[in-house]
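Me: Please take a close look at one part of this model for me. Choose a pair of side chains, explain it step by step, and then show me what surrounds it.

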Amino acid sequence: MILIELEPELESILENDAKQKHISTSEMLKNYLLKNYFSQEKSTDLLSDIVNDLPEIACFKNKDPLEIQKDLRDEWN
């Protein structure tokens with residue numbers, strides 16, 4: 001168990017928000033603060049991982065991006 005000391009104003013805000021959500025303050029801290037912390041920690045993915053997770057655009061499917069770029073340049077020359 002960890003004891004967290006909060007300023008009275010923050011404690012009041014936390015308690016009021018927990019009451020509105022019908023959960024305990026400790027449950028609110030677990031649900032929101034820890035999830036937020038771990039989601040930020042996870043966001044240190046490599047750029048290549050992020051790019052691989054992007055959706056595929058239909059007009060570029062089965063096409064070489066370099067060839068598309070060359071074709072576009074040739075249109076302007």
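Reply: Start with a definition. A residue is buried under 20% relative accessible area, exposed over 50%, and partly exposed in between. Keep those cut-offs in mind. Note also that this model is predicted.

Now the pair. The side chains of D17 and K21 meet in a salt bridge, with 3.2 Å from N to O. The cut-off for such a contact is 4 Å, so this pair qualifies. Where do D17 and K21 lie? Both are in helix 1, which covers residues 8-21. They are four residues apart, and that is about one turn of the helix.

Is D17 buried or exposed? Neither word fits. D17 has a relative accessible area of 23%, so it counts as partly exposed. K21 has 38%, so K21 is partly exposed too.

How many salt bridges does the structure hold? It holds two. The other links E27 with K30, and here the closest N and O atoms are 3.6 Å apart. E27 and K30 sit in helix 2, residues 25-42. They are three residues apart, so about one helical turn separates them. E27 has a relative accessibility of 30%, which makes it partly exposed. K30, at 46%, is partly exposed as well.

Go back to helix 1. L10 is found there. L10 helps to make a nonpolar surface patch together with I2, I4, L6 and I13. That patch has an area of about 530 Å². Why can L10 belong to a patch? A patch residue needs over 30% relative accessible area, and L10 has 45%, so L10 passes that test. By the buried and exposed cut-offs, L10 is partly exposed.

Next, look at the charges further along the chain. D64, E67, D71, D74 and E75 form a negative surface patch. One of them, E67, lies in helix 4, residues 65-76. The relative accessible area of E67 is 39%, so E67 is over the 30% that a patch requires. E67 is partly exposed. Across the chain there are 9 positive and 17 negative side chains. The centres of these two sets lie 6 Å apart.

How far apart are N36 and E75? In sequence, the separation is 39 residues. In space, it is 48 Å from C-alpha to C-alpha. N36 is found in helix 2, and its relative accessibility of 40% makes it partly exposed. E75 belongs to the negative patch.

Now step back to the chain as a whole. It has four helices and zero strands. From the N terminus, the order is α-α-α-α. The C-alpha atoms fill a box of roughly 70 × 25 × 20 Å along the principal axes. A compact globule of 77 residues would have a radius of gyration near 11 Å. This chain has 24 Å.

What share of the residues is buried? The figure is 4% of the 77 residues. The chain exposes about 7600 Å². Carbon and sulfur atoms supply 57% of that area.

To return to the pair: D17 and K21 share a salt bridge, about one turn apart in helix 1. D17 is partly exposed, and so is K21.

Technical notes
Residues numbered from 1 in each chain as written. Predicted model: local features only at pLDDT ≥ 70, side-chain atom pairs only at ≥ 80, totals over all residues. Heavy atoms only, no water. Patch = residues over 30% accessible without salt bridge, like charges linked within 9 Å, V, L, I, M, F, W, Y side chains within 5 Å. Areas by Shrake-Rupley, 256 points an atom, 1.4 Å probe, with all protein chains shown as cover. Lys, Arg positive; Asp, Glu negative; His and termini not counted. Charge placed at Lys NZ, Arg CZ, Asp CG, Glu CD. Helix = DSSP H or I, 4+ residues; strand = E, 2+ residues; numbered from the N terminus. Buried < 20%, exposed > 50% of the residue type's maximum accessible area, 1.4 Å probe, protein only. Rg over C-alpha atoms; globule rule 2.2 N^0.38 Å.
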